[in-house]
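Thanks for asking me to look over this one. My comments follow as numbered points, with the model open beside me.

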Amino acid sequence: DLLEGVNVSHAGRFNIATFLVAVGMPASQIVALFKATPNFDEKVSRYQVERIAGRGKAKYSPSSCATLQDYGLRLTDCPCHFNEKITHPLQVYRKKNQNISTGSKTPE
């Protein structure tokens, strides 16, 4: 939705940014992703992304699958629907990247 210019909710934007910060995406690239949103303000977006990344008083962490569901943000094809041991989007990300680096296939 974000890349298609849909006006993503505040909770959605926050969770996208916290996840991307956690996986190591630079703040400038995260801000660039928000440019397609209808109410984009680069100065405000940069400030918010940098705060999420820890410049300031606090560093924010990505939400768990349960919290994302509470916000209505969890994807329907999330592996947590089928595997009770998966409780966080970072688990999915790390598993997929581990499989890519080792050449293994991710189980469907």
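1. Leaving aside its neighbours within four places in sequence, which residues is Arg 13 in contact with? They are Asn 7, Val 8, Phe 34, Thr 37 and Asn 39. Please keep in mind that this is a predicted model. Arg 13 itself is found in helix H1, which covers residues 10-22.

2. Arg 13 deserves a second look for its charge as well. The residue is buried yet has no salt bridge. Asp 41 is the nearest side chain of opposite charge, and it is 10 Å away. Side chains of opposite charge can pair when their charged atoms come close. A salt bridge requires a nitrogen–oxygen distance within 4 Å, so Asp 41, at 10 Å, does not give Arg 13 a salt bridge.

3. Where, then, do side chains meet in a salt bridge? The partners are Glu 42 and Arg 46, at 3.2 Å from N to O. The count for the model comes to one salt bridge. Both residues lie in helix H3, four residues apart, or about one turn of the helix. Glu 42 is partly exposed, because its relative accessible area is 35%. Arg 46 also counts as partly exposed, since its relative accessibility is 27%.

4. Now for the overall layout. The protein has five helices and zero strands, and its pattern along the sequence reads α-α-α-α-α. Of its 108 residues, 27% count as buried. Among contacts with a separation of 6 or more, 48% come from residues 24 or more positions apart.

5. The second largest pocket brings us back to Arg 13. About 300 Å³ of space lies in this pocket. Its lining is made up of 16 residues, and those nearest the centre are His 10, Arg 13, Val 44, Ser 45 and Gln 48. The elements that give two or more residues to this lining are H1 and helix H3 (42-52). H3 gives the most, with six residues. By class, the lining has eight nonpolar, five polar and three charged residues.

6. Val 31 is a good residue to inspect next. It is found in helix H2, residues 27-33. Val 31 counts as buried because its relative accessible area is 1%. Not counting residues up to four places away in sequence, Val 31 touches Phe 40, Glu 42, Ser 45, Arg 46 and Val 49. That list includes Glu 42 and Arg 46, the two partners of the salt bridge, and also Ser 45, one of the residues nearest the centre of the second largest pocket. Val 31 and Asp 41 are 10 residues apart in sequence, with their C-alpha atoms 9.6 Å apart in space.

7. What does Val 6 touch, leaving aside its neighbours within four places in sequence? Val 6 is in contact with Asp 1, Thr 37 and Pro 38. Thr 37 appears among the contacts of Arg 13 too. Val 6 is found in the segment before H1, and it counts as partly exposed because its relative accessibility is 35%. The C-alpha atoms of Val 6 and Pro 38 are separated by 7.2 Å, with their positions 32 residues apart along the chain.

8. Tyr 60 sits in the loop between H3 and helix H4 (65-70). With a relative accessibility of 32%, Tyr 60 counts as partly exposed. Its contacts, once neighbours within four places in sequence are left aside, are Phe 14, Thr 18, Arg 51 and Ile 52. Tyr 60 is also 9.0 Å from Val 21, C-alpha to C-alpha, although the two are 39 residues apart in sequence.

9. Last, a loop residue further along the chain. Is His 88 placed before or after helix H5 begins, and which loop holds it? His 88 lies in the loop between H4 and helix H5 (89-102). It touches Pro 62, Ser 63, Ser 64 and Cys 65, not counting residues up to four places away in sequence. For His 88 and Cys 65, which are 23 residues apart along the chain, the C-alpha atoms are separated by 5.0 Å.

Notes:
Residues are numbered from 1 along each chain as its sequence is written. This is a predicted model: local features need pLDDT of at least 70, side-chain atom pairs count only at pLDDT 80 or more; totals for chains, interfaces and linings use all residues. Side-chain values use heavy atoms; hydrogens and water are left out. Buried means under 20% relative accessible area, exposed over 50%, partly exposed in between (1.4 Å probe, protein chains only). Lys and Arg count as positive and Asp and Glu as negative; His and the chain ends are not counted. Contact means heavy atoms within 4.5 Å. On a 1 Å grid over the protein atoms alone, a cavity is a set of points where a 1.4 Å probe fits but cannot get out, and a pocket is an open set with protein on both sides within 12 Å along at least five of seven lines; lining residues have an atom within 4 Å of a point. Grid points are joined across faces, edges and corners, and a volume is the space filled by probe spheres set on the points. Ala, Val, Leu, Ile, Met, Phe, Trp, Tyr, Cys and Pro count as nonpolar, Asp, Glu, Lys and Arg as charged, and the others, Gly among them, as polar.
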